[in-house]
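Please look over the sequence and the structure below before reading on. The briefing then goes through them topic by topic.

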Amino acid sequence: MQIFRPGVNTVAKISILAGALVTVLVLNFLFVQDRSPYSRARAGIAVAQPVRFSHQLHSDQLNISCNYCHASANEYAYAGIPDTHTCMSCHSQIAVYSELLEPVRTSYETGDPLVWNKVHDLAEHVYFNHGVHVQNGVGCETCHGRVDQMALVWQAETMTMAWCLECHFAPEDFIRPADEIFTFGYEPPIDQAVLGEQLLEEYEINPEGLGDCWVCHR
Amino acid sequence: MLTPKSSNRLVLVVLAAFSVLLLASCMNMEEQPKLDEPYVFDPNFGTAWRELDPNAIPRGWERDDTLMFLGTVDGEFVNDFPMDVDRELIAEGQVQYESFCTPCHGFAGYGDGILNEEGFPPPASYHTDELRAQPAGYYFDVISNGRGNMLGYGARIEPADRWAIVAYIRALQYSQYQVLDELPPDLQAESGLLNQ
(Lines give C-alpha, C1' and ligand atoms only; values in the text may rest on other atoms or scores of the structure.)
Protein backbone atom coordinates (compact mmCIF):
# COMPACT_ATOMS: atom_id res chain seq x y z
CA MET A 1 0.00 0.00 0.00
CA GLN A 2 1.28 3.37 -0.90
CA ILE A 3 0.75 6.01 1.77
CA PHE A 4 2.37 8.93 -0.03
CA ARG A 5 1.21 9.54 -3.55
CA PRO A 6 3.84 10.97 -5.97
CA GLY A 7 2.23 14.43 -5.75
CA VAL A 8 3.19 14.64 -2.06
CA ASN A 9 6.78 15.22 -3.09
CA THR A 10 5.82 18.62 -4.44
CA VAL A 11 3.79 19.41 -1.33
CA ALA A 12 6.76 18.49 0.84
CA LYS A 13 9.08 20.70 -1.17
CA ILE A 14 6.65 23.60 -1.08
CA SER A 15 6.07 23.27 2.62
CA ILE A 16 9.83 23.29 3.28
CA LEU A 17 10.14 26.45 1.24
CA ALA A 18 7.07 27.99 2.84
CA GLY A 19 8.40 27.12 6.29
CA ALA A 20 11.66 28.85 5.51
CA LEU A 21 9.80 31.84 4.13
CA VAL A 22 7.55 32.13 7.18
CA THR A 23 10.56 31.93 9.46
CA VAL A 24 12.29 34.70 7.58
CA LEU A 25 9.15 36.81 7.59
CA VAL A 26 8.58 36.33 11.29
CA LEU A 27 12.19 37.19 12.11
CA ASN A 28 12.02 40.17 9.80
CA PHE A 29 8.82 41.32 11.43
CA LEU A 30 10.35 41.03 14.88
CA PHE A 31 13.47 42.86 13.70
CA VAL A 32 11.57 45.71 12.08
CA GLN A 33 9.11 45.88 14.90
CA ASP A 34 11.87 46.19 17.45
CA ARG A 35 13.07 49.32 15.69
CA SER A 36 9.72 50.85 14.92
CA PRO A 37 8.85 53.91 16.97
CA TYR A 38 5.32 52.59 17.34
CA SER A 39 6.34 49.41 19.05
CA ARG A 40 8.93 51.09 21.26
CA ALA A 41 6.30 50.61 23.89
CA ARG A 42 8.01 53.12 26.18
CA ALA A 43 7.84 56.05 23.81
CA GLY A 44 4.78 58.23 24.26
CA ILE A 45 3.19 56.37 27.14
CA ALA A 46 3.14 57.91 30.59
CA VAL A 47 4.52 55.66 33.32
CA ALA A 48 2.57 55.18 36.54
CA GLN A 49 4.45 56.16 39.69
CA PRO A 50 4.10 55.44 43.41
CA VAL A 51 3.45 59.15 43.99
CA ARG A 52 1.59 61.20 41.43
CA PHE A 53 4.42 63.69 41.02
CA SER A 54 3.67 66.25 38.33
CA HIS A 55 6.43 68.03 36.43
CA GLN A 56 3.77 70.27 34.94
CA LEU A 57 2.92 71.60 38.40
CA HIS A 58 6.45 71.82 39.80
CA SER A 59 8.39 72.91 36.70
CA ASP A 60 5.92 75.00 34.76
CA GLN A 61 3.49 76.43 37.29
CA LEU A 62 5.94 76.81 40.17
CA ASN A 63 8.93 77.40 37.90
CA ILE A 64 11.27 75.25 39.99
CA SER A 65 14.52 74.64 38.15
CA CYS A 66 15.29 71.12 36.91
CA ASN A 67 18.51 71.51 38.90
CA TYR A 68 16.63 71.60 42.16
CA CYS A 69 15.96 67.89 41.74
CA HIS A 70 18.31 66.68 38.98
CA ALA A 71 21.40 68.77 39.68
CA SER A 72 23.91 66.07 38.79
CA ALA A 73 22.77 66.14 35.13
CA ASN A 74 25.09 69.12 34.67
CA GLU A 75 28.29 67.30 35.44
CA TYR A 76 27.80 63.61 35.93
CA ALA A 77 26.69 60.60 33.91
CA TYR A 78 23.40 60.25 35.76
CA ALA A 79 20.80 62.97 36.13
CA GLY A 80 19.56 61.14 39.20
CA ILE A 81 16.16 61.03 40.87
CA PRO A 82 15.76 63.21 43.99
CA ASP A 83 15.55 61.67 47.45
CA THR A 84 12.64 62.35 49.77
CA HIS A 85 14.68 64.92 51.69
CA THR A 86 14.42 67.03 48.52
CA CYS A 87 10.64 66.72 48.43
CA MET A 88 10.42 67.46 52.13
CA SER A 89 12.40 70.68 51.79
CA CYS A 90 9.07 72.06 50.59
CA HIS A 91 6.52 69.49 51.67
CA SER A 92 7.47 69.79 55.32
CA GLN A 93 5.38 72.97 55.10
CA ILE A 94 3.32 72.62 51.93
CA ALA A 95 0.37 70.28 51.40
CA VAL A 96 1.31 68.58 54.68
CA TYR A 97 -2.05 66.85 54.95
CA SER A 98 -2.22 65.75 51.32
CA GLU A 99 -2.95 62.06 50.99
CA LEU A 100 -1.01 62.00 47.74
CA LEU A 101 2.11 62.76 49.74
CA GLU A 102 1.61 60.05 52.34
CA PRO A 103 4.27 57.74 50.78
CA VAL A 104 6.75 60.65 50.76
CA ARG A 105 6.23 61.35 54.45
CA THR A 106 6.46 57.66 55.31
CA SER A 107 9.68 57.34 53.35
CA TYR A 108 11.14 60.39 55.08
CA GLU A 109 10.26 59.04 58.50
CA THR A 110 11.42 55.47 57.94
CA GLY A 111 14.35 56.19 55.67
CA ASP A 112 13.16 53.65 53.10
CA PRO A 113 13.57 55.25 49.68
CA LEU A 114 10.61 55.66 47.35
CA VAL A 115 10.88 53.27 44.44
CA TRP A 116 10.11 55.23 41.27
CA ASN A 117 9.50 53.39 38.04
CA LYS A 118 12.05 54.04 35.35
CA VAL A 119 10.76 55.87 32.32
CA HIS A 120 13.93 55.75 30.24
CA ASP A 121 15.99 52.61 30.19
CA LEU A 122 18.75 52.28 27.63
CA ALA A 123 20.03 48.81 26.85
CA GLU A 124 22.88 47.96 29.21
CA HIS A 125 25.42 47.66 26.42
CA VAL A 126 25.10 51.37 25.80
CA TYR A 127 27.12 53.99 27.68
CA PHE A 128 25.41 57.32 28.17
CA ASN A 129 26.52 60.46 29.96
CA HIS A 130 24.38 63.51 30.77
CA GLY A 131 27.18 65.91 31.67
CA VAL A 132 28.86 65.69 28.26
CA HIS A 133 25.63 66.59 26.50
CA VAL A 134 24.48 69.31 28.86
CA GLN A 135 27.90 70.98 28.70
CA ASN A 136 27.99 70.71 24.91
CA GLY A 137 24.80 72.47 24.01
CA VAL A 138 22.17 69.72 24.06
CA GLY A 139 19.05 70.89 25.87
CA CYS A 140 17.00 68.62 28.14
CA GLU A 141 14.10 69.25 25.77
CA THR A 142 15.98 67.85 22.76
CA CYS A 143 16.05 64.39 24.31
CA HIS A 144 13.18 64.46 26.80
CA GLY A 145 10.57 66.61 25.08
CA ARG A 146 8.24 68.95 26.96
CA VAL A 147 8.77 67.43 30.41
CA ASP A 148 7.57 70.73 31.83
CA GLN A 149 4.12 69.99 30.38
CA MET A 150 3.90 66.38 31.56
CA ALA A 151 1.72 65.44 34.52
CA LEU A 152 3.39 62.02 34.45
CA VAL A 153 6.64 61.60 32.53
CA TRP A 154 6.80 59.59 29.33
CA GLN A 155 9.66 58.94 26.98
CA ALA A 156 9.36 61.47 24.20
CA GLU A 157 11.94 60.07 21.80
CA THR A 158 12.56 56.53 20.55
CA MET A 159 16.11 56.46 21.97
CA THR A 160 17.20 53.91 19.39
CA MET A 161 20.73 53.84 18.10
CA ALA A 162 19.57 55.52 14.90
CA TRP A 163 18.12 58.35 16.95
CA CYS A 164 21.38 58.95 18.83
CA LEU A 165 23.33 58.81 15.58
CA GLU A 166 21.11 61.31 13.80
CA CYS A 167 22.56 63.91 16.11
CA HIS A 168 26.06 62.47 16.48
CA PHE A 169 26.48 62.68 12.71
CA ALA A 170 25.30 66.31 12.60
CA PRO A 171 25.29 67.88 16.06
CA GLU A 172 25.32 71.38 14.49
CA ASP A 173 21.65 70.91 13.56
CA PHE A 174 20.60 70.45 17.16
CA ILE A 175 22.85 72.26 19.62
CA ARG A 176 21.86 75.43 21.44
CA PRO A 177 23.62 78.30 23.19
CA ALA A 178 24.62 77.47 26.79
CA ASP A 179 21.91 79.67 28.34
CA GLU A 180 19.15 77.80 26.51
CA ILE A 181 19.87 74.31 27.87
CA PHE A 182 16.96 74.47 30.31
CA THR A 183 14.61 76.34 27.99
CA PHE A 184 11.42 74.53 27.02
CA GLY A 185 9.60 75.52 23.86
CA TYR A 186 12.91 76.68 22.33
CA GLU A 187 12.66 77.67 18.68
CA PRO A 188 15.94 77.24 16.82
CA PRO A 189 16.82 80.44 14.94
CA ILE A 190 16.35 80.49 11.14
CA ASP A 191 20.11 80.64 10.75
CA GLN A 192 20.72 77.48 12.81
CA ALA A 193 23.18 76.42 10.08
CA VAL A 194 25.36 79.44 10.88
CA LEU A 195 24.79 79.36 14.62
CA GLY A 196 25.42 75.59 14.68
CA GLU A 197 28.88 75.95 13.15
CA GLN A 198 29.64 78.80 15.52
CA LEU A 199 28.54 76.74 18.53
CA LEU A 200 30.61 73.74 17.41
CA GLU A 201 33.65 75.98 17.70
CA GLU A 202 32.54 77.52 20.97
CA TYR A 203 32.01 74.14 22.63
CA GLU A 204 35.04 72.71 20.82
CA ILE A 205 33.02 69.78 19.52
CA ASN A 206 34.67 67.65 16.89
CA PRO A 207 31.86 65.78 15.08
CA GLU A 208 34.46 63.61 13.39
CA GLY A 209 34.41 60.29 15.20
CA LEU A 210 31.27 60.95 17.24
CA GLY A 211 29.68 58.06 15.33
CA ASP A 212 32.41 55.57 16.20
CA CYS A 213 31.06 52.47 17.86
CA TRP A 214 33.27 52.77 20.92
CA VAL A 215 31.83 56.15 21.84
CA CYS A 216 28.64 54.47 23.02
CA HIS A 217 29.66 50.81 23.31
CA ARG A 218 32.67 50.53 25.58
CA MET B 1 69.09 34.83 41.35
CA LEU B 2 66.35 32.74 39.81
CA THR B 3 66.80 29.07 40.59
CA PRO B 4 65.02 26.75 38.15
CA LYS B 5 62.48 26.02 40.83
CA SER B 6 61.67 29.65 41.59
CA SER B 7 61.40 30.49 37.91
CA ASN B 8 58.84 27.68 37.60
CA ARG B 9 56.96 29.25 40.41
CA LEU B 10 57.19 32.61 38.70
CA VAL B 11 55.66 31.12 35.57
CA LEU B 12 52.85 29.70 37.67
CA VAL B 13 52.20 33.04 39.34
CA VAL B 14 52.14 34.81 35.99
CA LEU B 15 49.79 32.18 34.60
CA ALA B 16 47.52 32.50 37.61
CA ALA B 17 47.43 36.27 37.29
CA PHE B 18 46.70 35.95 33.60
CA SER B 19 43.82 33.57 34.14
CA VAL B 20 42.31 35.93 36.69
CA LEU B 21 42.47 38.64 34.05
CA LEU B 22 40.85 36.30 31.56
CA LEU B 23 38.10 35.53 34.01
CA ALA B 24 37.58 39.20 34.66
CA SER B 25 37.20 39.85 30.97
CA CYS B 26 34.38 37.32 30.90
CA MET B 27 32.25 39.92 32.62
CA ASN B 28 29.89 40.49 29.85
CA MET B 29 28.99 43.85 28.44
CA GLU B 30 25.33 43.04 28.93
CA GLU B 31 25.86 42.94 32.64
CA GLN B 32 27.65 46.17 33.31
CA PRO B 33 26.76 47.62 36.67
CA LYS B 34 24.17 50.31 36.19
CA LEU B 35 21.95 52.43 38.38
CA ASP B 36 19.02 50.04 38.15
CA GLU B 37 18.86 49.12 41.77
CA PRO B 38 20.21 50.68 44.90
CA TYR B 39 22.53 47.71 45.33
CA VAL B 40 24.23 46.40 42.24
CA PHE B 41 25.49 42.84 42.23
CA ASP B 42 29.23 42.56 41.88
CA PRO B 43 30.73 39.07 41.52
CA ASN B 44 33.83 40.06 43.46
CA PHE B 45 32.33 41.76 46.43
CA GLY B 46 28.72 40.71 46.59
CA THR B 47 27.39 44.23 46.43
CA ALA B 48 29.08 47.13 44.73
CA TRP B 49 27.46 49.86 46.77
CA ARG B 50 27.30 49.36 50.43
CA GLU B 51 26.61 51.45 53.45
CA LEU B 52 29.78 53.22 54.46
CA ASP B 53 31.35 52.40 57.75
CA PRO B 54 30.36 55.40 59.85
CA ASN B 55 34.01 56.02 60.73
CA ALA B 56 35.29 55.81 57.17
CA ILE B 57 36.22 59.02 55.39
CA PRO B 58 35.94 58.68 51.61
CA ARG B 59 38.74 60.14 49.55
CA GLY B 60 38.23 63.85 49.01
CA TRP B 61 36.04 64.11 52.07
CA GLU B 62 38.61 65.03 54.67
CA ARG B 63 37.26 67.93 56.65
CA ASP B 64 40.50 69.33 58.05
CA ASP B 65 40.00 72.62 56.29
CA THR B 66 37.28 74.00 58.56
CA LEU B 67 36.99 77.26 56.61
CA MET B 68 36.22 75.39 53.39
CA PHE B 69 33.84 72.83 54.85
CA LEU B 70 32.30 74.50 57.89
CA GLY B 71 32.85 78.22 57.38
CA THR B 72 34.63 78.42 60.72
CA VAL B 73 38.11 79.13 62.03
CA ASP B 74 38.72 78.07 65.63
CA GLY B 75 35.03 77.28 65.99
CA GLU B 76 33.81 80.77 65.05
CA PHE B 77 32.09 81.75 61.80
CA VAL B 78 34.40 84.02 59.86
CA ASN B 79 33.69 86.65 57.25
CA ASP B 80 36.12 85.16 54.76
CA PHE B 81 36.09 82.92 51.70
CA PRO B 82 38.33 79.88 51.17
CA MET B 83 38.85 80.98 47.54
CA ASP B 84 39.25 84.17 45.52
CA VAL B 85 35.97 85.92 44.91
CA ASP B 86 35.88 86.91 41.26
CA ARG B 87 33.29 87.45 38.55
CA GLU B 88 33.36 83.77 37.60
CA LEU B 89 32.56 82.64 41.14
CA ILE B 90 29.69 85.11 41.44
CA ALA B 91 28.28 84.04 38.06
CA GLU B 92 28.37 80.39 39.16
CA GLY B 93 26.73 81.50 42.39
CA GLN B 94 23.89 83.08 40.46
CA VAL B 95 23.21 79.85 38.56
CA GLN B 96 23.18 77.88 41.80
CA TYR B 97 21.14 80.49 43.69
CA GLU B 98 18.51 80.57 40.99
CA SER B 99 18.37 76.78 40.95
CA PHE B 100 17.97 76.24 44.67
CA CYS B 101 17.06 79.39 46.55
CA THR B 102 14.69 81.59 44.50
CA PRO B 103 11.56 79.49 45.15
CA CYS B 104 11.58 80.84 48.72
CA HIS B 105 14.04 83.73 48.88
CA GLY B 106 13.08 85.37 45.58
CA PHE B 107 15.37 86.50 42.78
CA ALA B 108 16.67 89.57 44.62
CA GLY B 109 16.67 87.98 48.08
CA TYR B 110 13.76 89.86 49.64
CA GLY B 111 12.18 86.61 50.84
CA ASP B 112 9.39 86.95 48.29
CA GLY B 113 9.72 83.64 46.40
CA ILE B 114 6.80 81.98 44.69
CA LEU B 115 6.39 79.42 47.49
CA ASN B 116 5.22 82.11 49.89
CA GLU B 117 1.98 82.21 47.93
CA GLU B 118 1.75 78.46 48.35
CA GLY B 119 2.00 78.71 52.09
CA PHE B 120 5.69 78.26 52.86
CA PRO B 121 6.54 80.59 55.77
CA PRO B 122 8.53 83.45 54.22
CA PRO B 123 12.20 83.76 55.20
CA ALA B 124 13.75 87.05 56.26
CA SER B 125 15.00 89.44 53.61
CA TYR B 126 18.78 89.46 53.08
CA HIS B 127 18.62 93.23 52.96
CA THR B 128 18.48 94.02 56.66
CA ASP B 129 21.23 95.36 58.90
CA GLU B 130 21.13 92.15 60.85
CA LEU B 131 21.75 89.89 57.89
CA ARG B 132 24.25 92.20 56.20
CA ALA B 133 26.28 91.95 59.40
CA GLN B 134 26.30 88.12 59.40
CA PRO B 135 29.69 86.66 58.44
CA ALA B 136 30.05 84.69 55.21
CA GLY B 137 30.61 81.53 57.24
CA TYR B 138 27.13 81.86 58.74
CA TYR B 139 25.55 81.79 55.27
CA PHE B 140 27.64 78.77 54.37
CA ASP B 141 26.41 77.00 57.48
CA VAL B 142 22.73 77.77 56.83
CA ILE B 143 23.01 76.44 53.26
CA SER B 144 24.74 73.28 54.49
CA ASN B 145 22.61 72.47 57.50
CA GLY B 146 19.45 74.53 57.18
CA ARG B 147 17.81 76.62 59.84
CA GLY B 148 14.32 76.54 61.31
CA ASN B 149 11.87 75.65 58.55
CA MET B 150 14.59 75.53 55.93
CA LEU B 151 16.12 72.07 55.48
CA GLY B 152 19.82 71.84 54.60
CA TYR B 153 21.21 71.64 51.08
CA GLY B 154 24.58 70.17 52.05
CA ALA B 155 23.80 66.83 50.45
CA ARG B 156 23.01 68.33 47.06
CA ILE B 157 25.25 71.36 46.62
CA GLU B 158 29.01 70.86 46.67
CA PRO B 159 31.01 72.98 49.12
CA ALA B 160 32.63 75.11 46.40
CA ASP B 161 29.20 75.83 44.90
CA ARG B 162 27.85 76.71 48.34
CA TRP B 163 30.60 79.33 48.64
CA ALA B 164 29.69 80.60 45.18
CA ILE B 165 26.13 81.11 46.43
CA VAL B 166 27.41 83.04 49.45
CA ALA B 167 29.41 85.28 47.11
CA TYR B 168 26.29 85.88 45.02
CA ILE B 169 24.22 86.73 48.11
CA ARG B 170 26.88 89.28 49.02
CA ALA B 171 26.61 90.70 45.50
CA LEU B 172 22.82 90.93 45.91
CA GLN B 173 23.27 92.70 49.21
CA TYR B 174 25.63 95.25 47.66
CA SER B 175 23.28 95.73 44.74
CA GLN B 176 20.42 96.68 47.06
CA TYR B 177 22.38 98.74 49.58
CA GLN B 178 24.85 101.24 48.23
CA VAL B 179 25.90 104.53 49.70
CA LEU B 180 25.66 106.97 46.81
CA ASP B 181 28.84 108.80 47.77
CA GLU B 182 30.86 105.62 47.67
CA LEU B 183 29.98 104.80 44.04
CA PRO B 184 32.37 105.70 41.22
CA PRO B 185 31.40 109.12 39.76
CA ASP B 186 30.05 107.73 36.47
CA LEU B 187 27.72 105.36 38.30
CA GLN B 188 26.63 108.20 40.59
CA ALA B 189 25.59 110.17 37.51
CA GLU B 190 23.89 107.13 35.98
CA SER B 191 21.83 106.50 39.08
CA GLY B 192 19.81 109.65 38.41
CA LEU B 193 19.73 110.39 42.14
CA LEU B 194 22.32 113.15 42.25
CA ASN B 195 20.10 116.18 41.79
CA GLN B 196 17.24 115.11 43.98
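Which pattern does chain B follow, read along the sequence? Chain B runs α-β-β-α-β-β-α-α-α-α-β-β-α-α, with helices (H or I, at least four residues) and strands (E, at least two) taken as DSSP runs numbered from the N terminus. This is a predicted model, in which local features need pLDDT of at least 70 and side-chain atom pairs count only at pLDDT 80 or more, while totals for chains, interfaces and linings use all residues. Residues are numbered from 1 along each chain as its sequence is written, chains are lettered from A and ligands numbered from 1 in the order in which they are written, and side-chain values use heavy atoms, with hydrogens and water left out.

**Chain B overall**

- Chain B has eight helices and six strands.
- Of its 196 residues, 30% count as buried; buried means under 20% relative accessible area, exposed over 50%, and partly exposed in between (1.4 Å probe, protein chains only).
- Contact means heavy atoms within 4.5 Å. Among contacts in chain B between residues at least 6 apart in sequence, 47% join residues at least 24 apart.
- The area that chain B exposes is about 13,500 Å², and carbon and sulfur atoms supply 57% of it. Accessible areas come from the Shrake-Rupley method with a 1.4 Å probe, and for residues only the protein chains shown count as cover.

**Nonpolar cores**

- A nonpolar core is a set of buried Ala, Val, Leu, Ile, Met, Phe, Trp, Tyr and Cys residues joined through side-chain atoms within 4.5 Å.
- The largest nonpolar core has 34 residues, and those touching the most other members are Tyr97(B), Tyr139(B), Trp163(B), Ile165(B) and Val166(B).
- At least two residues of this core come from each of helix H2 (66-70), helix H3 (87-100), helix H6 (136-145) and helix H7 (159-176) of chain B. H7(B) gives the largest share, eight residues.
- Leaving aside neighbours within four places in sequence, Val166(B) is in contact with Phe81(B), Ala136(B), Tyr139(B), Phe140(B) and Ile143(B).
- A second, separate core has eleven residues, among them Met159(A), Trp163(A), Leu200(A) and Ile205(A).

**Between the chains**

- The size of an interface is often given as the accessible area lost when the parts come together.
- In this model, 25 residues of chain A are in contact with 22 residues of chain B.
- About 2,400 Å² is buried between chain A and chain B, and carbon and sulfur atoms give 54% of that. Buried area is the accessible area (1.4 Å probe) that two parts lose on being put together, summed over both.
- Tyr68(A), Gln93(A) and Glu124(A) lose the most area to chain B in chain A, together 27% of what that side buries.
- The rule finds zero salt bridges across the interface of chain A and chain B. A salt bridge is a side-chain nitrogen of Lys or Arg within 4 Å of a carboxyl oxygen of Asp or Glu.

**Salt bridges**

- Over all chains, a search of the whole structure finds four salt bridges.
- Glu102(A) and Arg105(A) form one, at 2.9 Å from N to O. Both lie in helix H5 of chain A, three residues apart, about one turn of the helix. Glu102(A) is partly exposed at 41% relative accessible area, whereas Arg105(A) is buried at 15%.
- Arg176(A) forms a salt bridge with Glu141(A), and the closest N and O atoms are 2.6 Å apart. This pair links distant parts of the chain, 35 residues apart: Arg176(A) is in the loop between H8 and helix H9 (192-203), and Glu141(A) is in helix H7 (residues 140-144) of chain A. Arg176(A) is buried at 4% relative accessible area, and Glu141(A) is buried at 14%.

**Backbone angles**

- Most residues other than glycine have a negative phi, and most peptide bonds are trans.
- Asn63(A), not a glycine, has a positive phi of about 60°. Asn63(A) lies in the loop between helix H2 (55-61) and helix H3 (66-70) of chain A, and is exposed at 55% relative accessible area.
- Ala95(A), not a glycine, has a positive phi of about 50°. Ala95(A) sits in the loop between helix H4 (84-91) and helix H5 (102-110) of chain A, and is partly exposed at 39%.
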